[in-house]
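Work through the exercises below with the sequence and the model at hand. Each task is followed by a solution in steps.

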Amino acid sequence: MQKLITMQKLLISCLVLSASFTAAASDRAFTNGSQKLIVDNSTGAVTIVSGNDTIVKGNLPAWGLVDASFDAVPRSSDSAAIKHVPYIGLGETVRYPESLKNVKVTSRKISDTHGDALRVSVTGNYEGEKATVDYDLYPEFVMTRLSVEAPAGKKGDFALNYLAPVFTRQPFTFADRTGNYFISVPYDNDAWVRYANTPFGDKLPASYEAAAFFNADTRQGLVIGSVEHDIWKSGVSAATDDNAAITSLEVFGGITSDLTRDRRYHGAVKGATVKSPRMILIPATDWRDGLELFADQCALTAPSIPAKGPRPFGWNSWGKLQTKINFDKAIEVSDFIHDNLQNRGFFDADSSVVVNLDAFWDFGFKPEQHREFVAHCKANGQKAGIYYCPFTDWGGNPESVVGEAPEYKMKDLYVTVDGQPVKFDGAPALDPTHPATKARIKKQLEQFIDWGYEYVKIDFMAHGAYESDNYYDPAVTTGVQAYNQGMAYIDSINDGKMWLNLSIAPLFPANYAHSRRISCDAWGKVTDTEYVLNALTYGWWLDHLYHYNDADHVVYEGSSDGENRMRITSSALTGVYFLGDDMSNGGDDAVKERIVRNTGNRDINEMARRCKSFRPVEHALGTKSADMFTYDTDDCIYLAVFNFTNEPAVKSLPLRRLGLSETKTYKAKELWSQDPVDMQATLNAAVPALDVKVYRIEK
């Protein structure tokens, strides 16, 4: 990755030196490298061309105040609904200009963390408000931002909660051939939500923070999303036809819906000038590279917290023990892992394993037992981990006094809509900006650190990003602002002492934790594996933001041996590599035997230590998972081939889709059977029902 970033910087430098910063005689055309921007001086509409491909046509901004949920906001895919929408109670409107007035176009060179660019600013008036869209043309992509200035006399109370720097209803062709798709990204990983891949011509779901168009054959892609995640929840809405055209496109800050778990419209941002998040449009020869480049640009905007050791291997109590976790069982699991798995190669690059206590540890441990448990783990060459929910009130008693801040009751901390507490997953959400919420966080994290824990799984994080009637901090008006403040506080208390692993959480912001679970809860059946791999198919790139993704605990009990291999493989491909069965003395001996046999596969464990998240070879339809995943190293290519069906299957793959020669013979090894394999031109993998094969192909 460092090589990629370095080469990218060199490419940007070279292209900027040779870029033509000239405009056409009409002062409407601007170029930088392969990016070209054409401005209609009479309307302010903008068309962006990359190479020979149009990526936006006839773009004009939209903005305003919305007092409804996302589903009630007029969508660009419904042309009949594109109109002014009154903001009930305030008499404001959402602006969808047909054209801007008094258009002014300027350009200048800029340089920032993303490289050198040509900034073209298009400014115009509409109904007394001045809108400016900055288009920053970098050699590999375009960034854009909308700024709206209050009209005279309203600068003191001007507020917006919807800004779309990209809003076009003019069709343009994408990948002029059949087989085009749209990837929609979920806002978080709660409630078993899935990524979706929808063919052109079908109704497209909304996408959150990022989205991608791509062609299945050529892999040509267009990746779009927000690179800033400090104020706004961002959305992408689009419509397509059967003839490879994008017929409308809307990229905006201010999305709320059932999938953001919100119960009200997005909070309004106030100021004499209100700005949207900065959006990026990346044309890519391979949509997978485009998504990784998108993640890299987000990481440049908000760098990840410093690394805290290598990719974790471990065990989590929620897999099977759940509410039955106690001190004795935790000690027994630690010993089983030490005696049976660590000596078979199940350990991280520092030869360590995390033994993680999940929810209900506070019922199964006496306070004095925590130090003993931590010491026992250390003696076994392990790290002790624990669990916490900073933004929820699981007690659910609004009248109870906050022990850490007795001047408050729990109801004082609640996120509210129309005065009522906001609940999801059964618990009221807490305001991250409230001093009593922070007092609770400080006490609990400092207690964990004092006991000696080195890893903490923090859960139900999306509760901290809900939109609220108001927040304790009056400067905070949006859920994302509140979440950022809460996460920054958590980091300040932790101060790098524990590995922070997010469980249920928004995808963004991603700069406060070391890892994040890529999906919701998953156990051991084929449906669990396929669900986790749906998230890997379209979300593997998140480990360019977090240090690692997390595939949740692997559970053996109740599944076949083949399903066990599938689930183990899904975790090894993804990131944080945790087991979840009851390996205490009371656990099932037959299950333990399978755990030792399969988790003791040294080749799979070595692959997990070497690699980050695998990426898909091809796409999958709808909300399904791809069945092949790959990872490229200096000396080999790993390839995992899954069979999710109840019948044996032969899976074929032309080796050129892995970037390999069609004429060369490659030596490979299947890592579960240990069988040698020769590959030339096409791989034909015979995979048993509900099973997987993993190949290490030598370069």
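**Exercise 1. How many disulfides does the count come to?**

Solution. The model is predicted, so local features need pLDDT of at least 70 and side-chain atom pairs count only at pLDDT 80 or more, while totals for chains, interfaces and linings use all residues. Residues are numbered from 1 along each chain as its sequence is written, and side-chain values use heavy atoms, with hydrogens and water left out.

Step 1. Apply the rule: a disulfide is a pair of cysteine sulfur atoms within 2.5 Å. The count comes to zero disulfides.

Step 2. Check one cysteine. Cys-611 is in no disulfide, and its nearest cysteine sulfur, that of Cys-636, is 6.9 Å away.

Step 3. Look at burial (buried is under 20% relative accessible area, exposed over 50%, partly exposed in between, with a 1.4 Å probe and protein chains only). Cys-611 is buried, at a relative accessible area of 1%. Cys-377 is also buried, at 0%.

**Exercise 2. Describe the pair formed by Tyr-162 and Phe-252, and place it in the chain.**

Solution. Step 1. Rings of Phe, Tyr and Trp (its six-membered ring) pair if their centres lie within 6.5 Å; planes under 30 degrees apart count as stacked, over 60 as edge-to-face and the rest as tilted. This rule gives 38 aromatic pairs.

Step 2. The centres of Tyr-162 and Phe-252 are 5.4 Å apart and the planes meet at 50 degrees, a tilted pair.

Step 3. Strands are DSSP runs of E, at least two residues, and helices are runs of H or I, at least four, numbered from the N terminus. Tyr-162 lies in strand β13 (residues 162–168) and Phe-252 in strand β21 (residues 245–253), so the pair ties together parts 90 residues apart in sequence. Both residues of this pair, Tyr-162 and Phe-252, are buried.

**Exercise 3. Which residues line the second largest pocket nearest its centre?**

Solution. Step 1. On a 1 Å grid over the protein atoms alone, a pocket is an open set of points where a 1.4 Å probe fits, with protein on both sides within 12 Å along at least five of seven lines; lining residues have an atom within 4 Å of a point.

Step 2. The lining has 33 residues, and Ala-359, Asp-362, Tyr-387, Cys-389 and Trp-394 lie nearest the centre of the second largest pocket.

Step 3. Sort by element. α4 (361–364), β27 (382–388) and α6 (435–451) each supply at least two lining residues, and α6 gives the most, with five.
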